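Please look over the model shown here, with attention to its helices, its nonpolar cores and its annotated repeats.

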Amino acid sequence: MTTIRLYPPLFEEGKEIEFVRSGRTLSAIPSPRDNSVAVFSTSAVDPQTLKSLNEKYTDSRDIYTASTDKIPTSERRLFVTDTSVIFASLQDFKNSNKTSDLDSRLGRSEQVSPVLIKHAVDYVKIVVDSWARASKPVNRPRPLQYDANHYRTLYTCLSLFVVLYLPEAGFDDAPVGEELMEWLNTHFIEPSSEEGDHLSSQDKPWQDDTFWPYLTRSVLRGFSKAPVFLLETLSRHPSEHLQNLVNYLSPLLSSHPRILQFSTEREFVVALRRWKERVKTLRLELDQVPEEEREDDFENWWKPLSNIVGILEGRLEIIQNICIDLNADWKEVCATWSIFVNHRLRRQDLPEVVNQVLESMPPDPTDLEDMIHVALFRGEIMEALSHAAKLDIWLAAHWIDLMEHLDLLNTHAGDDLEISIRDQYILSYADYLHSDPALWRITVAYMCSCGSIGKEQADQVLLRVPVDVNRGATGPSDVHATVSSGEVPEALRDVIETCHEYGRESVRRMVCTIAAQNFLRRREYGLAVSYTTSAENWTWLGRIVDAILAEYIKHGPEVFARSVAAVAPSLQELRAHPGADGVFTHRLMFAVRYAEFHQRRLSGDLQEAALDILTMFNEDLAPKMWWGVLLCDAVELVRHDSLMLYSSSGAVELLKRLEEVNLRASQGSGDDYLSVLMVTMKGATEGEVLQRLKSARLSLAKYYAKCTMVAGGRDVTRLRAGIIAV
Amino acid sequence: MAPSDPIPIETAHEDMIHDAQLDYYGKRLATCSSDRTVKVFDVVDDEPQRGVGQTLKGHAGPVWQVAWAHPKFGHILASCSYDGKVIIWKEQQPASAGWAKIKEHSLHTASVNSVSWAPHELGAILACASSDGKISVLTFKDDGQWGADVFEAHAIGCNAVSWAPAARAGSLLAPSTGGRAAPVKRFASAGCDNIVKIWGFSEETQAWVEEDVLEGHTDWVRDVAWAPNIGLPRSYIATASQDKTVLVWTKDTPTAPWVKTALDPSISAAPGAGATPGKFPDVVWRVSWSLAGNVLAVSCGDGKVTLWKENLKGGWECVSDVSS
């Protein structure tokens, strides 16, 4: 259990009792944005009781943010982002292959797939890079969240996993010794080159305390060059016996047959047998040295030399004792075993060997790295994962994703669970990533690799990505200001793209609905229509159309025309949508056409404006409640002194519509035709509106009379086109 | 916490804070206080307006709770107060114009202790719990009208309400029955009668019906929180009580009974602390679930908040505690 302390503290240390006695306690609410909680001091008694307690207690009324996770800092963020690319690539590979042949492609067949090996090696490379970065001796403003040693530990664990569980094709049943020793020599370097330099600089290095330990360790680690070099110095040693023995030993070390030098195992075995015979000869020579001549002035040289020969003979007891003396651990014994004791040791034999070694050389239970190594050697994968999760959930999650296809997991162990063991580790890692809201893309990617439950969790993360632009920068206070910035927040685009990528359709629609709402609030009607069309939310489309038409009612034609200018492309999109609601589309078409009318009228294109009104009537675009408004607009044009904008038939059409309005009004349905006009006339009564229409009727009648007169003496063709200068 | 962590938000409330709620995106925080006000702050680090608050005045008594509506309805807040009122606030455009009171609900005759918005799929619906023993459910319609169902719920008083997720638990895992299932209209209420009630809306009678009674607490139930269901086949409800216990109620299938488990702080308590199994050191005031429903925050009268997680074996473990 972790303890989170508030900074700065809410009250001084030791004042907890006073705080509680004052009737207060802490309360917390989880944040939907990440894994943090908002913490605050609040009442822990009823209000009346609170008043009777300690009114003078002055507490902080601040709200704290606390997180249980180590929120990734920049270097860690780089690591999780880099490795997420490899994870995604592996998922792509899994998804792009049919389930039936995926197992064989990924390793459930006889051999491990090169694809898995490649991905595992790529993880190793990134870990190595991160280790190198963390090791750089640079001044940092704050200590690294995960230091170089952490990445080194990941490196040793991951690379051991690759050695033991991801052999290259054809090598799964091959002796593992050389790879194991290489792993040990790469990660746990002994003896150090400093010790070697120190000894080689001396004239009589055998007089140095470190001489024999260095030599022994070098041989134990399978090296030949360094020990042979040092052995050469013994040609100056006063003991002739020793000089003689070295002449046997050095060629033996140099010619130790190693499996990698042979093209077949048979050739190797033959060479090794011969070499072992020579080792036997050396032992005989060694044993023949008289007891009293086994020491020089400094120490007994015979015993360490005998130990070295014991290593070459592959005598386990001697090797184990040497390791204890040299402070080496069980890993070193196992690796030496696979080179000197049983050169044919296979991967599957390791658990038995390691168990035997651990009986006398137990691992360090407080060292997670050591415990992970032991579990991997023993083939106890679940144990390894459990320790890995404690070390770094990153390791457990990426491991189990690789292991899933290696038949390493006991698939029956999780049968009674609702979430597979793989998904549990990956979701735990995704949960850790969620501590940093900026990592939402990769959080979602990991979650979406975990079946329907993971995808539902991803939905929640996607839905909570803020898709609105900075509120402070939005919402023009002046309606006459530029209404549409046309700016689509980047996060909105990203979220929608991610929804497409993972097939999260319901989330995409909800996000588009919320985006439409945001655009509507910002009076960006084009984008609002576009996003609500994308959300297929026709109820919302109706609200947006109402809001667009309300622009005219609230702010008049100029603002209306400008507000709707950006809607036309979205209208095309809407009309092309097979599921679009016809009623709302129709009303939106009217709004756009009516805005175009005003645009033309305001820019002086009166002829086209006049035609717009007729078209809106003839195509039945205009809702009846707008007829009164349209007729008044038409009459404005009719009253134009210098132009005759309508033909006589146009004038007749307008008169007909006017008659219908009057007739319906007289039948008590005036509200259906005149409601918008009444609002635009600042709440005029129906009578006042009808009075206005009467005046309009008179103007239209006069205009019609003028049309017929003009038509009598002028070019009728031009009149029909509606363009006649008076 | 390291010094580089975010600095606290100074609310400048003049009296005790009773509730704080983060909005849908976790970017804004609403707080309410005995000083009769509601305040709204930007809390995200990179926002230039971080920590700058707006004050919403309108209540005549301490304000107990605030609740954010789903963003598809706009920037809307509900608050409830000792004055018996529920106020619905809407942020004006532009945002600098502040918040306006758009509705005031005063159908209760005593303090309103809790407000909770229904899942957005059900529409803009608000449930309110009052000391008058009643619950009111307000439904806001598209035309700006609103309706209210008020009914008796708990004798002596109701302390809290919490809605069930709209999607039935496990509906994703169940085989499709064709067609989209209607969202569930259901919530839980916590009362001074020591019980928790589950209410469901009957489409037939168009009324709220008591569906279940959860008995297990031995003193007032102070809070109830229905967990979001993320794919799992069961439902979870957490309840906090004056009896110093937190019960987690689970229901494996829609027809199964509710089964209760008490959180046990004694497991993680220091040895020799004298903790009683299944009991917290003091009254438990609040319970709240995280977004994915995998973490339960518990606020106890002992001055600490503890965070709980369910382990793979179905047991509950305290994973963190937060103290000053």
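**Helix α23 and its surroundings**

Just after α23(A), G503(A) adopts a positive phi of about 65°, where helices (H or I, at least four residues) and strands (E, at least two) are DSSP runs numbered from the N terminus. This is a predicted model, in which local features need pLDDT of at least 70 and side-chain atom pairs count only at pLDDT 80 or more, while totals for chains, interfaces and linings use all residues. Residues are numbered from 1 along each chain as its sequence is written, chains are lettered from A and ligands numbered from 1 in the order in which they are written, and side-chain values use heavy atoms, with hydrogens and water left out.

- Helix α23 (residues 490-502) of chain A has 13 residues and reaches 19 Å from its first C-alpha to its last, close to the 18 Å expected at 1.5 Å a residue.
- Among the residues of α23(A) that are buried are L492(A), V495(A) and I496(A), buried meaning under 20% relative accessible area with a 1.4 Å probe and protein chains only.
- The cover over these buried residues includes α21, α22, α24 and α25 of chain A.

**Nonpolar cores**

- The largest nonpolar core (buried Ala, Val, Leu, Ile, Met, Phe, Trp, Tyr and Cys residues joined through side-chain atoms within 4.5 Å) has 213 residues, and W399(A) and Y646(A) have the most contacts inside it.
- Helix α6 (residues 148-165) of chain A gives this core its largest share, twelve residues.
- A second, separate core of 18 residues includes W289(B) and W308(B).

**Annotated repeats**

- An unreviewed UniProt entry lists residues 56-90 and 214-249 of chain B as "repeat: WD".
- Residues 56-90 of chain B are 0% helix and 54% strand, with end C-alpha atoms 10 Å apart.

Definitions and conventions
Buried means under 20% relative accessible area, exposed over 50%, partly exposed in between (1.4 Å probe, protein chains only). The expected span of a helix is 1.5 Å times one less than its number of residues. Contact means heavy atoms within 4.5 Å. UniProt positions are given in the numbering used here, feature names are shortened, and annotations may be inferred rather than shown by experiment.
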